[in-house]
Amino acid sequence: MEARFLSTEEAEKTSVTDLFKDLSSSERGISTSEAKERLQQYGYNEIEEKKINPLVKFLGYFWGPIPWMIEVAAILSLLVQDWVDFTIILTLLIFNATVGFWQEYQAGSAVEALKKKLALKSRALRDNIWQEVDAKELVPGDFIRLRLGDIIPADTKLFEGDYLSVDQSALTGESLPVSKQTGDVAYSGSVAKQGEMVGLVTATGNNTYFGKTAELVASAKSASHFQKAVLQIGDYLIYLSLGLVALLILVQLHRGAPLLELVQFALILIVASIPVAMPAVLSVTMAVGALALSKLKAIVSRLESTEEIAGMDILCSDKTGTLTQNKLTLGDPVIFRAKDLQDLVLAAALASKAEDQDAIDLAVIGGLSDQEGLKKYQQLKFVPFDPVGKLTEATVKDTQNHIFKVTKGAPQVILGLVQADKKTRVKADQLINDFAAKGYRTLGVARAEDDGPWQFLGILPLYDPPRKDSAETIARAHSHGIKMKMVTGDNLAIAREIAGQLGLGKNIYAADKLLKAGKEAGEMVADTGERVEQADGFAQVFPEHKYGIVKALQARGHIVGMTGDGVNDAPALKQADVGIAVSGATDAARAAADLVLTAPGLSVIINAVEEARRIFERMNSYAIFRITETIRIMIFVVLAMIIFNFYPITAIMIILLAFLNDVPIMTIAYDNTGLDPNPERWNMHRVIVVSTVMGLTGVFGSFLMLYLALDWLHLTIPQVQTYIFLKMAVAGHLTLFVSRSRGFFLKKPYPAPIMIWSAIGTKLLGTFLAAYGFGLITPIRWFEIGLIWAYSITWSFLTDLAKIRVYRHFGMATRRHHDFLKTTQRPVTTHAGCTTTAIPARNKEGRRV
């Protein structure tokens with residue numbers, strides 16, 4: 001009988017037995033060969049994505065304010081029958097569209113390639129063996145196991161297990177998790193919050209409840225702070241250009257200049273001054289950076305999040321697996337009511353499940369001297385660990401059909417379960433503290449005969465040693481201006497021991513002592529913001545505590561990074577400026593994170609921070625260069641026309657200049673940059689001031705060159721125009737090299753070879769164009785060309801000197817500002833008797849404004 005898709009209504013109404021028949025499946029699952037056949041029949045288990053036709057996307061680059069200006073300039077050239085200008089303007093338009101389309105295509109391909117690395121996995125029963133398969137390869141009739149943290153991969157009829165608490169708010173809008181039991185259907189796209197069950201896949205892909213009801217729209221991503229800043233710069237440049245051009249048109253019309261020719265020149269001047277290449281430069285820079293980060297085992301889920309990573313100044317890191325090896329080893333057990341050591345370890349092993357690959361379960365099972373002995377027992381029922389109950393429990397039957405229960409978990413929870421007397425509790429607490437002082441975790445183990453009372457069997461110590469590179473990496477983080485804070489669910493003693501070994505400090509707080517019980521999870525107790533800020537770490541942390549810690553640090557003006565791996569970490573990862581899903585994180589945690597690590601350890605994060613700061617520096621350099629060039633070209637051309645009453649540069653030259661500048665600026669994405677020892681934050685005021693000083697320095701240099709051309713070299717007007725064109729081309733590329741550093745531009749790190757050669761190539765093209773004209777412009781002598789080169793190189797050193805002086809001024813101002821903040825951020829008592837401090841403004845989500 002051939003398997004078929006079942007609708008949600010059919011799956012809910014049909015019994016499990018009938019479903020086996022309808023789906024041609026059995027309790028042994030299906031075979032691998034059958035799965036392949038069904039995959040051919042039904043297709044992959046994924047929602048078909050609507051993709052924009054590449055031709056439509058390409059044509060989109062001819063639509064918008066900037067293309068409109070270029071198109072109007074082309075039409076005006078056509079009207080005055082200036083075929084040379086028309087051809088070159090049209091070439092520029094097509095060139096910009098082609099470059100923008102190709103770079104966006106490459107960036108999109110890079111992101112798709114990275115997303116493939118994050119493909120969801122599922123545990124399916126095939127050939128009567130539980131195995132891990134790609135979620136997209138699931139087919140109707142597959143048996144799958146669902147557990148805490150899983151994103152449900154397909155519509156699934158649940159038929160084995162006690163319960164599964166599912167968050168299906170994304171599908172139904174229900175704010176609270178829904179408890180699913182045997183016979184219920186779990187919807188594709190919902191998230192398992194608690195419990196563990198086995199289910200039968202009834203529908204996949206577009207045939208799921210999600211696939212049929214969800215509207216397929218591209219997720220809207222808000223622009224990052226940097227993108228918004230660059231767009232503001234674009235607006236500023238457009239307004240500046242329009243203002244200067246309006247002044248120019250009024251003056252020239254008063255002088256009797258032809259209106260059509262004047263408007264054409266004005267449009268071309270505006271096009272050359274506004275950031276035409278900005279979208280391409282941004283996408284290329286971020287895509288190249290994302291690829292570099294992926295090689296460092298860190299995948300950026302949103303390209304725009306690189307800015308937040310670069311600005312992160314506090315990193316709250318999980319202990320287990322990030323600071324430590326996550327290789328638990330069983331220590332020397334302590335017996336209370338167990339017969340012997342192996343009896344104690346056996347009871348704990350029976351309360352474990354090897355196929356779940358849980359680290360604690362594997363360490364306990366690994367402590368058995370005879371693991372074959374486990375085959376003598378059958379687990380009738382198993383309750384997996386959850387963050388609330390903090391224990392696992394199993395109902396077991398031995399070879400004599402004797403049924404009993406075993407449990408293991410947090411010692412305090414197990415002691416409460418067995419209702420331990422005072423003597424037992426005091427002894428256990430002393431042992432727990434002694435083990436904790438050595439950095440050991442402890443598990444309590446208990447057993448109950450049938451329905452009899454629980455008996456406390458003993459304590460199992462587990463030790464997870466620090467990673468060898470953790471202490472060194474923490475020191476690197478401090479050298480980069482990042483304050484590390486350890487976040488762990490372990491008790492206070494363990495946290496202090498590990499923190500001391502790693503050099504983090506021992507100022508560790510219990511998270512529950514800093515958080516008050518209230519309606520809002522994670523709400524901070526009054527007067528604790530400063531304590532959270534000064535703490536070296538937090539112990540006994542629940543997922544909701546992480547959220548509160550992030551909020552408290554953000555309220556103190558910090559850009560906060562938070563690591564997590566569980567489904568319950570998702571709120572904290574989303575709230576954090578940089579949510580980091582560590583290696584081995586659940587699907588839900590990875591979906592909420594900005595940065596997904598594919599290798600264990602803290603060094604991956606620090607490497608990602610370094611690369612993000614380099615990306616930020618490249619984009620910062622681009623912004624400074626773009627503003628500088630607009631000021632240098634616009635102010636000079638407009639003032640020269642008003643003062644001397646002739647075009648210092650022709651329309652065709654402006655188009656060629658824009659073309660020659662756009663090619664090298666693309667290579668800034670590959671530039672070698674210095675690594676700022678402090679977190680990078682967008683400083684618009686500094687960028688504008690530095691750019692303005694450099695731009696005005698260039699304007700002064702251009703007027704001096706114009707004086708030499710007119711009064712010393714006695715060039716004709718067409719020759720002067722070529723002379724100014726070459727000066728603008730050569731000086732523009734040198735400005736690119738000056739703007740890329742905050743110190744002397746000839747010092748290390750040197751520009752990337754691709755950046756140097758692209759600049760040399762376009763400069764040589766401009767030079768040969770000035771020397772021979774090629775029918776486009778009036779040629780000038782090699783003497784004038786040599787003079788322009790010598791003058792431009794000399795003037796670049798003066799521009800660099802002006803730039804350095806401005807940065808030094810900002811450096812001194814910053815130090816004075818920090819000293820001022822130290823005095824103003826001291827707690828102040830208000831009239832109401834409350835303690836408060838001045839903090840940066842934030843929006844309702846807690847993000848910095």
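What percentage of the 849 residues in the protein chain is buried? In this predicted model, buried residues make up 53% of the chain. Buried here means under 20% relative accessible area, exposed means over 50%, and partly exposed lies in between, with a 1.4 Å probe and protein chains only. Because the model is predicted, local features need pLDDT of at least 70, side-chain atom pairs count only at pLDDT 80 or more, and totals for chains, interfaces and linings use all residues. Residues are numbered from 1 along each chain as its sequence is written, and side-chain values use heavy atoms, with hydrogens and water left out.

The secondary structure comes to 29 helices and 24 strands. Both are DSSP runs numbered from the N terminus: helices are H or I with at least four residues, strands E with at least two. Contact means heavy atoms within 4.5 Å. Among contacts in the protein chain with a separation of 6 or more, 71% are between residues 24 or more positions apart.

Helix 3 spans residues 32-42, and its buried residues are A35, R38, L39 and Y42. These residues cover an arc of only 110 degrees around the axis, which puts them on the same side of helix 3. The arc is that of the directions from the helix axis to the C-beta atoms. On the other side of the helix, K36, E37 and Q40 are exposed. The buried residues of helix 3 pack against strand 1 (121-126). G43 comes just after helix 3 and takes a positive phi of about 85 degrees.

Helix 17 and helix 18 were examined in the same way. In helix 17, the residues S470, T473, I474 and A477 are buried. Their arc around the axis is only 105 degrees, which puts them on the same side of helix 17. The cover over these buried residues includes strand 17, helix 18 and helix 24 (603-644). G481 follows helix 17, and its phi is positive, near 80 degrees.

Helix 18 covers residues 492-502, with I494, A495, I498, A499 and L502 buried. These residues span an arc of only 125 degrees around the axis, which puts them on the same side of helix 18. They pack against three helical or strand elements earlier in the list, helix 16 (422-437), strand 15 (440-449) and helix 17 (470-479), among others including strand 17 (483-487), strand 18 (508-510) and strand 19 (537-539). Just after helix 18, G503 takes a positive phi of about 75 degrees.The packing of helix 27 was considered next. Two packed helices are described by the angle between their axes and the distance between the axes. The axes of helix 27 and helix 28 (residues 753-772) come within 9 Å and cross at roughly 175 degrees. That makes helix 27 roughly antiparallel to helix 28. Axes are lines fitted to C-alpha atoms, for helices over the stretch in contact, and angles run from 0 to 180 degrees between N-to-C directions. Angles under 35 degrees count as roughly parallel, over 145 as roughly antiparallel, 65 to 115 as roughly perpendicular and the rest as oblique.

From helix 27, the residues T722, F725, L726, V730, H733, L734, L736 and F737 meet M755, I756, A759, T762, K763, G766, T767, L769 and A770 of helix 28. By class, this contact has 11 nonpolar, five polar and one charged residues. Ala, Val, Leu, Ile, Met, Phe, Trp, Tyr, Cys and Pro count as nonpolar, Asp, Glu, Lys and Arg as charged, and the others, Gly among them, as polar.

T722 is found in helix 27 (residues 717-739). T722 counts as buried because its relative accessibility is 0%. Beyond neighbours within four places in sequence, T722 is in contact with M653, A770, I777, T778 and I780. The T722 side chain reaches the backbone oxygen of T778 at 2.5 Å. T722 and P648 are 74 residues apart in sequence, yet 8.7 Å apart in space, C-alpha to C-alpha.

Y791 lies in helix 29 (residues 782-824). At 13% relative accessibility, this tyrosine counts as buried. With neighbours within four places set aside, Y791 is in contact with G701, L704, M705, L708 and K727. Y791 and A731 are 60 residues apart in sequence and 9.0 Å apart in space, C-alpha to C-alpha.

E680 lies in the loop between helix 25 (651-666) and helix 26 (684-712). E680 counts as buried, at 4% relative accessibility. Apart from neighbours within four places in sequence, E680 is in contact with A310, G311, R613, F616, E617 and R742.

Technical notes. A polar contact is a pair of N or O atoms within 3.5 Å; within protein, one must be able to donate a hydrogen and the other to accept it, and residues adjacent in sequence count only if both atoms are side-chain atoms.
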